Structures are given as structure tokens and as C-alpha cells.
Amino acid sequence: MDVNCSYQEVRAVLADCLDEAEELLSEKSLAEFVEGIELLCMMGRGAEPVLVYMEEAAEIARHTSGKMVYPAAKTAYQISRSPNAAAIVPFLQSLAEISRRLEEPKLLQGYLDIVLEMVERTSISIHGSHATMASPGLIPFLEKAPVLLGELTIGGLKRWMDYGIAQHSHHPDHLAEFFSLESADSRAVMQRERHGTLLVDMERRLDLFELALWKIDASIYPYSRMLDDRSDPRPYYDDKGIFLPDVYDDLDNGISGMDQYRAALAHMAGHRRWTAPVFADNRSPMQRIAIETFEDSRIEYLLMQEYPGLRRIFQALHPVPVEDECDGKHESCIRHRLTMLSRAILDPDHDYRNPDLLEFVQRFFEIMEKGDTTTMDVELLGIQYMARTRTQADALPNVWFKDTEISYRDDNRNLWQFYELDDDEDFHVEPTELEETEPDDTLPPRHYPEWDYTTQTYRPDWASVYETLHPSEDAAYIDGLLRKHDRLAKQIKRMLDLLKPQNYQRIRYQEEGTELDLDIAIRSLIDYKTGHNPDPRINISHKHNDRNIAVTILLDLSESLAQPVGNTGQTLLELEQEAVSLLAWAIEQLGDSFSIAGFHSNTRHEVRYYHIKGFSEGWNMDVKGRLAAMGAGYSTRMGAAMRHAAHYLEHQKSDKKLLLVITDGEPADIDVRDEKHLIEDSRMAVRELDQLGIYSYCINLDPKADEYVADIFGNQYSIIDKLESLPEKLPKLFLALTK
């Protein structure tokens, strides 16, 4: 293999070095190793850094991964671009020892990032722009790094470095003393960060523990909760091995870090032995978290049957939520309820009194006492528990997290498997009792992208929209609302008479129409008398030639509609029913084509879209019955609902297409923490509709809508502050929009 490097010292040992590397590295990693050699030769700092790199690369690959060989060379090259060239060799010489302490590639990459941050923050700049003098603390830091990582986690090392830079960056001599561990505060801060039990020190004992007790011979790798890019950095396992936090702190209740490692390892060993993956596609996020809770409890029950001593550790690590502490008024209590349930299963001396909790704890033990349980047994139990206990407050965006984190349990990634229909069109699952809570007429979901403003890209097939016909109730309720507003209806009728199109266009050759076309009728009669087939299209019909509009009224049916309006004695939902009834009646009088739909959401996996009136339906008793049955629940994922409404609206043959969105708040959902995310996605949806020729307009009932509605709809919105005037204002706004 030819390597582009002119140093004779390098070329003299190159062949032997490559032979050794071929035994450790894959073909791709070997090519990256050669690329690293060429990069260091190119930086022009002599042969010594290159030779050190060639010697240390094998140790890096042996202890971490071959894919970390090139990042090491690249980091050395980046150091050479600063005034710290003298630090390149100490950096490379320490990497073999560092890699023994940081066996996971993410951790070693975290160390490389810390080194580059040290270069950037401590190199001295005389003129205040570019660094012109070497960092006085970098070489001492590199020399002490192996010792430090023997005492600290990668997170602790980062905090120790941050403290030193913050306190001593103004004085070069003090900086050097700090990073060489010669100053008192340096050693004090190190001792402060030196806490807990490091996984690297316990790895051999844990290997023996899993092999002796669980007959599992899997590699154990550390990860740093500070550097882990997962939103939920809990332990996990995969085909590569078992991943545990790099440190556990000793607890005040007497549970050591080693006990916590044993608990986490035992829990994952139980999953590996007894958990069978189940399909996640047809389960809502709330159902999934309930199933996970019951399955975790099943695994721990089986573990304690074999090793009863685990109960002491599990109970000491499991939080004890206070019953009724989460009131469900301002936060979602689903995690709180499930953690109480888990605690009640684990601790026979619990003092919880909730009847649903007690019933399902008893049902759990009845299942377990039968023996030979499976994951499917508790899957059904989890779904039934959610169906029994679920409340509208579960959809609130704020979730109660106090006393709900069970740190030793893994993230359950191996409990779920996902099925994509595109992979196998013949896949079919027979309906079971697990689906009994889903509407019978729900269609398969349509998937829509969602705009991510932070990356300026779409998340493909992100939101799943399930559409169904809205349930129906007594249509007389809507007729009663119209009679209630009889005087207002007469005022609107006078306005409608002025807006109704007066120009008619004759359409000939119609089988049905309003009058007879004499010319065609006579010709057809002659054909009939002479034995020929007569033309049946003997009528003339008329249509308005100056008003051709298709309208979709999209109603936000989120939980907030259930709130009362002032002292009116009505809810916002009831006012919306009155207003939409009057509006639908007015549009019907005008002869415009229109549809009515409602939506709410329960995370991106479950956006519900309800058909209340279709374009082909008249304003009849069926439609009124669906409108009478409108209910409020869950959240407001507006962008997905608007895209789905546009899917139907764009196919209407009309000169003007209007999407009228009626909402009482900003877009939000329980799986979105960034409040701006769904606002930006809805704004992008408005742009997409505009490109389709669909005019979007928002009627907003939120007094605080000025803070966000313009960001979504531009100037295409109206805010109704006086909510009780909604039935009067809504039809008039529509008429003004469609003149």
C-alpha cells in the first residue's frame, strides 16, 4: 500500500506498521489509518508525531474501535494549526492510556473534544483576535489526563477543566499550576468531582457477575450521561453489548454504586432471557409506556423468584411517589400513576388506596402466579390499565416527573419492533381485543412530513393522521341552536341576498334541468318518429357564473375547548357549535361547496381527523348529528391537520379554495418541548397550502393569540376577544372573506 509521506524515518517502519494494523483494522479503518499518517506528514512538524501516532494507533483500535484512529490524527492536526505544536507529541503519547480508560468510542471522542476546547480557550491572544502564544496549561493537562481519568468520569474531567479556565485564565502561571495538579484548589476540585463508583474499576467484577448468575457473556461498555446525545440516557443493550453509565454515586440509603450496577445488569439480563419483542406500530405512546411498566415489573418478579436478595436493592432504588401529589389540573400524571403501580407491585407494604391501582396489582399477581408468563400477557394488561385510568389531563404538555425516574431500568428499546407496510404489502394482522378501543371505521393512517426549523429540513413521514367519520348524536340539538339565533339568522339572510350571484349561465344538453330545450327536443322527437335513437339530453340547466368557491372549515377540538366562557354558563365548545351551525347554514344558502372537519392529537403518532361534513353531502340531519356530538380532548398538532385538509380541498374544481381554521390556542402536543417547533411547522404548512392555491385564514379565540398567530398566518387571521360574540361574528367574517 502506497503512502504519501517523504520522511525517511516513517518509510523505514511503514511496512511493519501496516502489517500489524491489518490484523486489527477493517479495510475501511485501515484506509483511514493511512489517511491519518498522510495528514500528520502533511502538517510539517517532523517525523516524531507521525511515528508516535503509528505506534499508538494499534492500542487505540484495540481498546476502543478502529473508527477512532483517524479522529486522533485529525485532532493532532487541529492542534498543529494553533501555537501549541509542542503539545502534539504529549497528546499522541497519552492516547493509548486514555483509550484504556474510555473504551466506548463516544467517550474517547468526548475527550478529543475536550482537548480541542482546551486549546481554543487557553491559548493566549495578545491582540484579542487570533491566538499567538501557546496555552500554558495544555501540556500539563495532557500529561495528567490519564491520571485524572483514573479518578474522574469524562463529565467530571470536563467540569474540572471548566473550573480551572474560569478561575485562572487571566494568569498563565496559575493556569499551569492548576492543570499540573500543583495548586490546592486544583486538587480540591478534583476531589469534589471524584465521587461515586466508576464502571471502569468494576468492569471485571461485573463481567463475572453476569456470567456466573445469568450465563451471559456480553461486553460491558460505559457511557457518559453528560455526553450522551439521547434524550433519555438510561442503560441499554444491543447486539454489541451492554451499556451502563460510567459512574454511579453512592446513595444515602446505603446502596452503593456497585449495587446499582448489579441492579441495572440484573434487570437487563432478565429482559434478555424473558422478554419477547412485540409490535409497536399499533400502540399509542401512552399504551407503550404502560406496557413497558408492566413488563419491567414482570421481569423483576421473575428475577426475585431466583434471587430474593435483589428485592432489597430494587426497593431501595425504586422511587416512592406520594399518592394524590399530582392533581392532574396543570400536569399530565401518567408517569406518576404508572410509577405508583410499579412501586405497589414491588413493595407488598405499600400504602396506596386507589381502587384501579389495587385491582391491576392483584390482576398482575394472578397472572404471575399461574407461571409461564409471556410479554403478551402483560401487554394486554397494560392496554387495559390505560383504557381504565386514562384522563383528558394526560394530554397536557406539562408532565409530572417528580419521583418517577427508575434509574436502574433500561430504555426498553428491545421490547419493541416496528413494521413498515412498504416492506411487505401482504402483511396482515387479525384484529384482536387489543384493538377494541379504536373506532371501527378508522382508515389506515396517512403520513405527513413536519418542518424542523432548527435544521431547516423536513422530518419525513413524521406525523400519522388517522381519519374517521365523526360519531353522531341527536340532530335536533343543532336545530335548537339555530332557533336560538333566529333573529341573527334573519340579519345574515339579508346579507346573503346581497351576496348571492345574480348572473346565470345556460348549460344545454342536460338530461335533467330547469326548462326544456325546444330545438333539441324537436330533433329528438323526429329521431324517435323515424326509428332512430333519440337524444335524451333535451333540458337546459343554469348555474351561477360569478361565484365558484370551495371551503373547508377545520375545527380545533383540543382539550382547552372544554373551559367555561366567562359567566355565560357555556363552554367554548358549545359556542363553537353554535357559530359553526350558523356558518354552515349560511354557506348552504349561498350554494358554496363546503366541508367541515375537526382534529386533535395525542403525539405525532396519533393525529385524529374527524369528517363532520363532506363536500358531496348536503346540510342534512346526518351532518347536524355529527356536529352535535363534537367533543374536546387532547392536543393541537395543527400543521398535520392542515396538510390533510388540503389533501381533499386541492382536488375540488373551484376557482377559489379557502381553508378556514378555527382554534382557541397555539399549536402544541405532549411530545414536543420546544414551543416554537409546531408554530414553525404550521407556518410552513400555510406556505405549502398557498403554493397549492389554497387560501388559509385563522379565526383565533385566544386573547393572547397576538404572541404567535401572525407568525403562522401572516395577516390572514382575526382574533375574537369577546368569545360570546362568536356565533354573530363568524358568519359575517366568512361573508367578508368571500365577497
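What is the pairing when the bonded cysteines of the protein are numbered in sequence order? The pairing is 1-2, 3-4. This is a predicted model, in which local features need pLDDT of at least 70, side-chain atom pairs count only at pLDDT 80 or more, and totals for chains, interfaces and linings use all residues. Residues are numbered from 1 along each chain as its sequence is written, and side-chain values use heavy atoms, with hydrogens and water left out.

**View 1. Cys5 and Cys41 form a disulfide (a pair of cysteine sulfur atoms within 2.5 Å).** Their sulfur atoms lie 2.0 Å apart, and the link is left-handed, with -80° about the S-S bond. It joins distant parts of the chain, 36 residues apart: Cys5 sits in the segment before α1 (8-24), and Cys41 in helix α2 (residues 27-42). Helices here are DSSP runs (H or I, at least four residues), numbered from the N terminus. Cys5 counts as buried (under 20% relative accessible area, 1.4 Å probe, protein chains only), because its relative accessibility is 6%.

**View 2. Cys326 and Cys333 form a disulfide too.** Here the sulfur atoms are 1.9 Å apart. The torsion about the S-S bond is about -85°, so this disulfide is left-handed. Both Cys326 and Cys333 are buried. Cys17, by contrast, is in no disulfide; its nearest cysteine sulfur, that of Cys41, is 11 Å away.

**View 3. Leu516, Leu518, Ile522 and Ile526 form a nonpolar patch on the surface.** Together they have about 400 Å² of accessible area (Shrake-Rupley method, 1.4 Å probe). Patch residues have over 30% relative accessible area and no salt bridge (a side-chain nitrogen of Lys or Arg within 4 Å of a carboxyl oxygen of Asp or Glu), and nonpolar side chains are joined within 5 Å. Helix α20 (residues 518-529) gives the most, with three residues.

Technical notes: Patch = residues over 30% accessible without salt bridge, like charges linked within 9 Å, V, L, I, M, F, W, Y side chains within 5 Å. Helix = DSSP H or I, 4+ residues; strand = E, 2+ residues; numbered from the N terminus. Buried < 20%, exposed > 50% of the residue type's maximum accessible area, 1.4 Å probe, protein only.
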